[in-house]
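Before this model goes into any further calculation, I would ask you to look at a few local features with me. The points below are meant to be read beside the coordinates.

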Amino acid sequence: MLHPATRCAECHGPIAKEWKTSTHARADVSPVYLAMRSQGEHEACDRCHAPLVARAEPNSLAARDAVGCDSCHAIREVDSPGTLALHLDDIVKYGPLCDTKDNYFHKVGCSPLHGTSELCSACHSLSQRTSAGQMLTVQSEFEEWRASIYSGARVECQSCHMPGAHDAVAVGSPTRGGVPNHAFAMADLRKNAVSMGVSVRDAGKDLAVSVSLKNNRAGHSVPSGLPERRMALRIAIHDDAGHVGRTAEQVYGRMLVNDQGPAPFYAATRLALDSRIAAMETRQEEFTLEAQGKGEVEVALVFVDIAADIAKGLGVDSQEEVITRVLVPFGPRGPSGSRPRLPKTVEP
């Protein structure tokens, strides 16, 4: 029995409000999803982005909820990673709080599964068979988590993506601790996942820029999600007037290709490169850029929702979000050959 989020909000208003701001609530309307869906297999896309469509009556409000309430709370088990099994033949709603009571609208199913990463693996673990008959990994967050120290310590996906708060689960229920947040707050998590340290020193007519990146707060590799996502480390020299001089860039991501070159996952045949930063891994990058006079070095870590070459082929715009940005000023070279203000180390 399907219910739209608007109906669930009658009793679970604050939770529904959080969910409405999430990427789950917009999973079926993002430009990248719609562009890929128009070229890929609808069933494969909708299985996770709009899982209720195939199970709902025409014009059902619940089917328009993308990854809505019933998409998760109708799950009783996950048989294997990548398998979404929904049970919609009863009025039981499953969740991790096992001391709640049945009510007039639905029964409550005690589900420890809903507090584990295995639940998330229903969608966040995906492989496909290529035209050559080989299996190609598309979504790998669950497997990466399972291989990390977070799995051994049972730090689940929900620990970061759905942190508990002191709140009421429903209208009329008492406030309690451990009520999961349903906003998922992806932008906040991206800003906190990777720590960055920057060192700039004089190197003759050049500047030597060292950048240390550590993925110390994500239980999976970054960037995560679809393999078309990227994370870019960008270095730029600005002169005293603000003009950009020398630049450099290092890109991180999973690059899938076919015989024609870079390809979206559904048209790819193999993995060409995986340069992402694994959980608890530190990556050290070194750059040497020419710099005249005085100015500042800009170091920015940027999240890119889809690689530019793939975006162009799909006819969509690539969206960027600055994760961390550091500015290091430097002075002109003096008679002794050294530069004022350098060397300089910044750890934001």
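The notes that follow concern a predicted model, and they take up an enclosed space, a charged side chain, some backbone geometry and a pocket.

1. I would start with the enclosed space. A search of the whole structure finds one cavity of 30 Å³ or more, and the volume of this largest cavity is about 40 Å³. Its lining is made up of Pro227, Glu228, Arg230, Arg254, Met255, Leu256, Ala263 and Ile310. Strand 10, which covers residues 244–258, supplies the largest share of that lining, with three residues. By class, the lining residues of the largest cavity are five nonpolar and three charged, with no polar residue among them.

2. One of the residues that line this cavity, Arg230, deserves a separate look. Arg230 belongs to strand 9, residues 230–239, and it is buried yet without a salt bridge. The nearest side chain of opposite charge is that of Asp309, at a distance of 5.3 Å; a salt bridge as counted here would need a side-chain nitrogen of Lys or Arg within 4 Å of a carboxyl oxygen of Asp or Glu.

3. Which backbone oxygens lie by the polar atoms of the Arg230 side chain? The backbone oxygen of Pro227 is 2.6 Å from a polar atom of that side chain, and the backbone oxygen of Arg254 is 3.2 Å from a polar atom of the Arg230 side chain. Pro227 and Arg254 are also both among the residues that line the largest cavity, so the lining list and these two contacts can be inspected in one view, with the cut-off for a polar contact being 3.5 Å between N or O atoms.

4. Two peptide bonds that precede a proline should be checked for their isomer before the model is prepared. The bond that joins Val222 and Pro223 is cis, with omega at about 0 degrees, and Pro223 sits in the loop between strand 8 (206–215) and strand 9. The bond from Leu342 to Pro343 is likewise cis, with omega near 5 degrees; Pro343 is placed in the loop between strand 15 (320–330) and strand 16 (344–346).

5. The loop between strand 6 (175–180) and helix 10 holds Phe184, and Ala185 lies in that loop as well. Phe184 has a positive phi of about 70 degrees although it is not a glycine, and Ala185, also not a glycine, has a positive phi of about 45 degrees. Are these two residues buried or exposed? Phe184 is buried, because its relative accessible area is 12%, whereas Ala185 counts as partly exposed, at 32% relative accessibility.

6. The last point concerns the second largest pocket, which contains about 360 Å³ of space. Of the 24 residues that line this pocket, His161, Leu189, Ala193, Ala218 and His220 are the closest to its centre. The elements that give two or more residues to the lining are helix 9 (157–161) and helix 10 (186–193), and helix 10 provides the largest share, five residues. The residues of the lining of the second largest pocket divide into 15 nonpolar, five polar and four charged.

Technical notes: Residues are numbered from 1 along each chain as its sequence is written. This is a predicted model: local features need pLDDT of at least 70, side-chain atom pairs count only at pLDDT 80 or more; totals for chains, interfaces and linings use all residues. Side-chain values use heavy atoms; hydrogens and water are left out. On a 1 Å grid over the protein atoms alone, a cavity is a set of points where a 1.4 Å probe fits but cannot get out, and a pocket is an open set with protein on both sides within 12 Å along at least five of seven lines; lining residues have an atom within 4 Å of a point. Grid points are joined across faces, edges and corners, and a volume is the space filled by probe spheres set on the points. Helices (H or I, at least four residues) and strands (E, at least two) are DSSP runs, numbered from the N terminus. Ala, Val, Leu, Ile, Met, Phe, Trp, Tyr, Cys and Pro count as nonpolar, Asp, Glu, Lys and Arg as charged, and the others, Gly among them, as polar. Buried means under 20% relative accessible area, exposed over 50%, partly exposed in between (1.4 Å probe, protein chains only). Lys and Arg count as positive and Asp and Glu as negative; His and the chain ends are not counted. A polar contact is a pair of N or O atoms within 3.5 Å; within protein, one must be able to donate a hydrogen and the other to accept it, and residues adjacent in sequence count only if both atoms are side-chain atoms.
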